[in-house]
Structure formats: structure tokens, C-alpha cells
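Colleague: Please take one part of this model and look at it closely, namely the lining of the pocket and the sheet that contributes to it. I would like connected prose, with each cut-off spelled out where it is needed.

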Amino acid sequence: MPDVVVLPRSVDEAQAVLEVAREHAVPVTSRGAGTSCAGNSVGPGIVIDFSRHVNAILDVDPEARTARIEPGVVMSTLQKAAAPHGLRFGPDPSTQNRATLGGMIGNNACGPHAVAYGRTADNVVELDAVDGRGHRFTAGAGDATFGAIPGLADLVRSNLALIRTELGRFGRQVSGYSLEHLLPERGSDLAKMLVGTEGTLVTVLGATVNLVPVAGAPTLVVLGYPDMAEAADAVPALLEHHPLAIEGLDARLVDVVRRAKGADTVPALPPGGGWLMVEVGGETADLAMARAREIVAASGSSATRILPAGPEASAMWQIRADGAGLAGRTPAGEQAWPGWEDSAVPPAQLGAYLRDLEALMAQYGVDGLPYGHFGDGCVHLRLDIPLETSGSVLRTFMTDAAMLVAKYGGSLSGEHGDGRARSELLPVMYSPSAITAFEGVKGSSTRATCSIPACSSAPTRSTSTSAAPRPRPCSPSPRRTASPSASRSRTTTATSRRPCTAASAWASAGPTRRRRVGSCARRTWRRRTRRTSPAVARASCRR
């Protein structure tokens with residue numbers, strides 16, 4: 001839990017908070033909307049919430065098809081600003097009405113239309129960033145010296161073979177640091193590499209992003225299959241037709257929608273135990289319909305329905321958007337938990353992976369409702385792990401699941417980031433040499449001081465600077481924001497699971513009490529520890 005939550009009113013105030021954090025060796029976590037499921041948006045020390053005030057769209061350039069934004073901009077707000085120009089931001093997670101661009105940059109968010117438009121990393125041009133040394137710089141492409149981060153160029157040169165073979169193997173390989181963007185053949189793009197680093201290397205103060213034309217005449221094709229694995233088997237053939245999106249939907253999840261919202265909220269669907277929702281577009285409705293028929297012909301399914309843009313297509317997309325919330329309980333009504341909710345494999349391996357994953361779930365006696373971005377091989381799944389009895393089952397299941405996803409050349413995370421939930425499993429997916437390279441990148445960006453938390457390979461209560469383990473990558477970072485009440489700390493013990501390598505002792509101060517700080521009308525709650533700095537205490541007052 002944080003000791004202080006700060007809502008800066010400007011980029012300059014955010015920089016001032018970072019200066020205080022460096023001076024007192026306090027970890028910092030940047031927060032957007034807090035909607036990620038991996039524990040990325042919480043941490044010890046200071047949490048900076050950009051969504052309240054640092055949320056301006058600075059410029060939309062329809063000629064260059066770019067936008068300049070502050071990190072707290074909500075994605076749907078950017079879409080509205082770009083729409084009059086016939087443009088949009090490509091990636092579109094289902095939480096887009098609250099997800100911030102800073103959070104999407106933090107964990108390399110994707111959404112259904114990443115099949116056509118790529119991940120957030122693929123749509124970032126430049127980042128305005130501050131590293132752990134307090135150095136503010138603009139990250140972009142084309143500078144193979146990476147002068148903004150000393151030592152990074154040497155690290156890349158000494159690990160070229162490793163980077164080319166272990167990283168960037170398929171689109172949803174989001175776990176770890178995406179060092180493949182630093183390769184000369186990929187444009188030596190520091191901005192794209194920093195996307196998805198979850199705040200462990202830099203704090204993002206602004207970004208320039210690409211915009212794409214809005215697709216004309218979007219048309220939805222619904223394809224029925226006996227089960228989700230057979231639906232996944234059909235994906236590679238459909239990708240050859242370059243759809244805008246391919247989403248997987250379990251029939252049991254649709255049944256949950258019917259029970260929760262009424263049967264009239266679900267359009268008539270073709271028979272099946274699972275469906276693919278495939279969206280295509282075209283310059284005209286006739287062209288889009290012709291592409292939809294091509295999808296049907298390639299689907300291998302006789303249970304099909306084509307839905308032109310309209311109420312029924314919108315209702316289907318709403319079912320998909322509601323999936324994250326509705327999948328929070330199993331068909332039997334049991335509470336289902338995140339943890340293994342974001343795995344991904346190359347699409348050609350998805351059917352086989354789902355069958356083995358179902359077998360693993362049966363072995364553990366757990367259940368869940370799989371759905372997700374099947375066109376990218378990404379599966380969202382929450383499981384009814386009996387956490388009320390013991391958390392050990394979750395740990396052992398996730399370890400076995402990590403071994404399974406690695407067997408298929410996949411990724412622990414496909415868009416939510418690794419965060420606290422999965423970072424310690426990175427050695428299952430990557431070689432020791434790759435983990436050492438990630439540590440080297442982390443060390444390069446925070447060599448002077450560490451104001452950004454780092455994941456440790458195993459949860460540890462840190463009691464002194466010397467006790468801090470070596471950092472792992474992929475820790476929490478710009479995420480998407482929650483309600484103000486979420487920033488209130490309860491009486492607890494200040495235990496850091498992600499110690500700062502420069503001075504982790506500050507964040508492990510023993511029993512604490514909730515106390516109001518500041519004299520302004522709006523007050524924030526923070527936990528008072530024995531070592532709280534007066535300067536940090538002053539920073540918590542939200543005027």
C-alpha cells in the first residue's frame with residue numbers, strides 16, 4: 001500500500017513530486033485508471049494519479065495523423081477528439097471509457113482491434129519521460145546510441161543474438177522488456193521499447209501517438225463452433241483475410257449475460273458452445289458484406305450469422321466489453337479471480353494451448369469462462385481458486401500454467417502487464433541471460449537513484465537497503481484510475497513486495513495508522529510511518 005497518493009495539477013507538479021521522491025529515496029508508482037488486473041497500479045511509497053488533472057489533449061494533427069496527449073487522458077476522450085477528422089487511436093481495450101493513455105502506455109494495452117492496428121507500442125511515436133536519475137528526455141526512433149540512457153547501446157550490442165531469438169517472437173509477447181524495438185533493423189526505437197515497462201524505467205509525462213482512419217461500414221460475422229478450442233483452431237485461416245478483429249466468446253459467458261441482463265440483451269446467435277466474433281470493414285457496405293462472406297467461407301463453420309452495423313452488432317460488442325466484469329463469477333456462481341487472466345500464445349498454437357489449459361484446470365478442480373482476443377492468441381480467464389482457504393493453490397496453478405504457456409512459445413501476459421501477479425514467473429518464460437539483460441536495462445535507467453519500484457524474483461519484506469534483492473522487470477506502473485476512495489490506506493503493516501534497490505527501508509516501517517494530512521478542503525489519506533519525510537507529507541496535500 002502507498003504511504004502517499006498525489007494528484008498533481010500539472011506536469012511541473014508531477015516533476016516536483018519525483019524530485020522529492022529521489023531526494024528521500026522513496027519508490028514511485030504512476031497510476032492511470034487502475035483497471036489492470038495484475039497489481040500494477042499500487043505500490044509502496046508514492047502513487048501519482050495523473051487522471052484527475054494531467055489529462056489534456058494538447059494537439060490533434062489530422063494531416064500527420066498524430067495526437068499529443070498528457071498521460072491522464074482517457075482513451076474514449078481521445079477517440080471523440082479524433083472522430084471529426086475521421087480518425088481514431090487504434091488499440092481499444094474494453095475499459096476505454098476510463099482507461100488512460102498513460103496506463104495503456106504503461107502496460108502496452110491492445111484490445112480487440114490490435115489485430116488490425118497493433119499494440120499501443122506500435123502506435124507511439126515519442127514519449128516525454130523522466131527516468132530514475134531525474135533526467136527528462138524525449139524518447140523516439142532512429143538514435144542507435146540511446147544517449148538518453150547511458151550504457152543501453154552497449155547492452156544491446158552485446159545481446160543482439162539473444163534479443164533476436166527470445167524477444168518479439170509474436171505480437172502479444174508483452175511480458176518482460178520489449179528490447180526487440182532497440183534492434184537496428186527495427187529502427188532503434190526507444191519510445192516503443194519503453195511502452196509496456198510498467199513505470200519501472202521511466203515516468204511518462206506526455207506522448208505523441210499515431211491515429212488511424214476509422215474503418216468504413218464495419219460488419220460483424222458471428223461463427224459458431226462446438227467449443228472454444230475448435231473456435232481457436234479456425235483463427236489462422238481467418239487471419240489470412242486481414243480482419244479488423246477476431247474475438248472469442250464462451251457460450252457460458254453469454255448465458256451469464258442472459259441471466260444478469262435479460263434474454264433480450266443477447267441477439268439471436270448461431271448454434272455453438274463458443275463463438276468467434278470477426279469484424280471486417282470496407283469503403284462501402286457492399287464491399288464489407290463481400291468480405292464478410294469470404295470470412296464465412298474460410299471459417300469451416302456451418303453455424304454463421306452476419307450482422308451489419310446496427311443495434312444487434314452493438315449488442316454483441318457490449319457482451320464482449322462486459323466480459324471482464326461478468327467473468328468475475330463462474331457459471332456455478334463461485335467467485336473467480338484474476339492472476340492467470342492474460343496469457344497469450346502464437347495464434348497457430350491457440351487451440352492446442354486451450355485444450356491443455358482446460359486439462360490443467362480440471363486437474364486443479366477449478367473453473368472459469370475463457371474469452372479474449374483470439375486473433376492475437378490472447379486469452380482472458382478468471383478462475384475460482386479457493387483463496388478463502390489458501391493462496392498456495394493460486395501460486396502452484398500459475399507456476400504450472402507458466403510452464404504450459406512457455407511450452408507453446410507464449411507469454412505470461414498478452415496486454416495487462418506482469419505486475420505483482422506474474423513478474424516472479426518471468427524466469428519460466430525467459431533464459432537466465434534474458435533476465436540478466438532485463439536487469440541491466442533497469443540498472444541503466446535508475447543508476448543514480450531508484451524512485452521507481454522494481455519487481456523482485458520472490459516476494460520479500462525488505463528491512464534495509466542491503467537486503468533488497470536484485471530487481472526484475474515489469475513492475476507496476478501507469479495504470480488506469482480507480483475511485484478516490486481507492487487511495488485511502490487501511491491500518492496495516494507497510495510491507496514492500498517490490499523493494500526499491502536504492503533505499504527500500506523507507507517503505508517497510510512497521511504498523512501504521514490512518515491520518516489526515518493538509519489543511520485544504522480536499523484531503524488525502526496517507527499512512528503515517530516512523531520515517532515519513534516532512535517534504536513527502538507536504539506533497540500529499542491536494543489543493
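Modeller: The largest share of the lining of the largest pocket, six residues, comes from helix H12, where helices (H or I, at least four residues) and strands (E, at least two) are DSSP runs numbered from the N terminus. This is a predicted model, in which local features need pLDDT of at least 70 and side-chain atom pairs count only at pLDDT 80 or more, while totals for chains, interfaces and linings use all residues. Residues are numbered from 1 along each chain as its sequence is written, and side-chain values use heavy atoms, with hydrogens and water left out.

The volume of this largest pocket is about 810 Å³, that is, the space filled by probe spheres set on grid points joined across faces, edges and corners. A pocket here is an open set of points on a 1 Å grid over the protein atoms alone, where a 1.4 Å probe fits, with protein on both sides within 12 Å along at least five of seven lines; lining residues have an atom within 4 Å of a point. There are 34 such lining residues, and those closest to the centre of the pocket are Arg88, Asp92, Gln96, His113 and Trp317. Two or more residues are given to the lining by each of strand S6 (87-88), S11, S14, helix H12 (311-321) and helix H13 (323-326).

Two of these contributors, S11 and S14, lead directly into a sheet, an open one of five strands in the order S14-S11-S13-S12-S16 with antiparallel pairing. Two strands count as paired if DSSP finds at least two bridges between them. At the edges of this sheet stand strand S14 (303-308) and strand S16 (371-372), and because each has a single partner strand, one side of each is left without a neighbour in the sheet.

Strand S11 is held on its two sides by different pairings: seven bridges join S11 to S13, the two running antiparallel, and six bridges pair S11 with S14, again in the antiparallel sense. Gly224 takes part in both pairings, since its bridge partner in S13 is Trp275, while in S14 it stands opposite Ala303. Seven of the seven residues of S11 are buried, so this strand is largely enclosed by the rest of the structure; buried means under 20% relative accessible area (1.4 Å probe, protein chains only), with exposed over 50% and partly exposed in between. The enclosure covers both faces of S11, with Thr219, Val221, Leu223 and Tyr225 buried on one side and Leu220, Val222 and Gly224 buried on the other.

Towards the other edge, strand S12 (residues 245-250) pairs with S16 in the antiparallel sense over two bridges, and Gly248 has Gly372 of S16 as its bridge partner. Helix H10 (residues 251-261) lies across S12, strand S13 (274-280) and S16 and runs at about 75° to S12. Helix H11 (residues 285-298) packs on the sheet as well, touching strand S11 (219-225), S13 and S14, and its direction makes about 15° with that of S11. Contact is taken as heavy atoms within 4.5 Å, and these angles, on a scale from 0 to 180 degrees, lie between the N-to-C directions of axes fitted to C-alpha atoms, for helices over the stretch in contact.

For context, another open sheet of five strands has the order S4-S5-S9-S7-S8, with antiparallel pairing. Strand S4 (57-61) and strand S8 (136-139) form its edges, each with a single partner strand, so one side of each lacks a neighbour in the sheet. Neighbouring strands here are turned by 15° against each other on average, direction ignored. Within this sheet, strand S7 (residues 124-131) and strand S9 (residues 202-210) run antiparallel and are joined by seven bridges, with Ala129 opposite Val204 in S9. S7 also pairs with S8, in the antiparallel sense, over four bridges, and Asp128 stands opposite Thr138 in S8. Side chains alternate along S8: Phe137 and Ala139 point to one face and are buried, whereas Arg136 and Thr138 point to the other and are not. The hairpin of S7 and S8 has four residues between the strands, and Gly134 in this hairpin takes a positive phi near 90°. Helix H2 (residues 75-82) lies across S4, strand S5 (66-69) and S9, at about 40° to S4.

As for the whole chain, there are 19 helices and 23 strands, and buried residues make up 58% of the 543 residues. Of the contacts between residues at least 6 apart in sequence, 72% join residues at least 24 apart.
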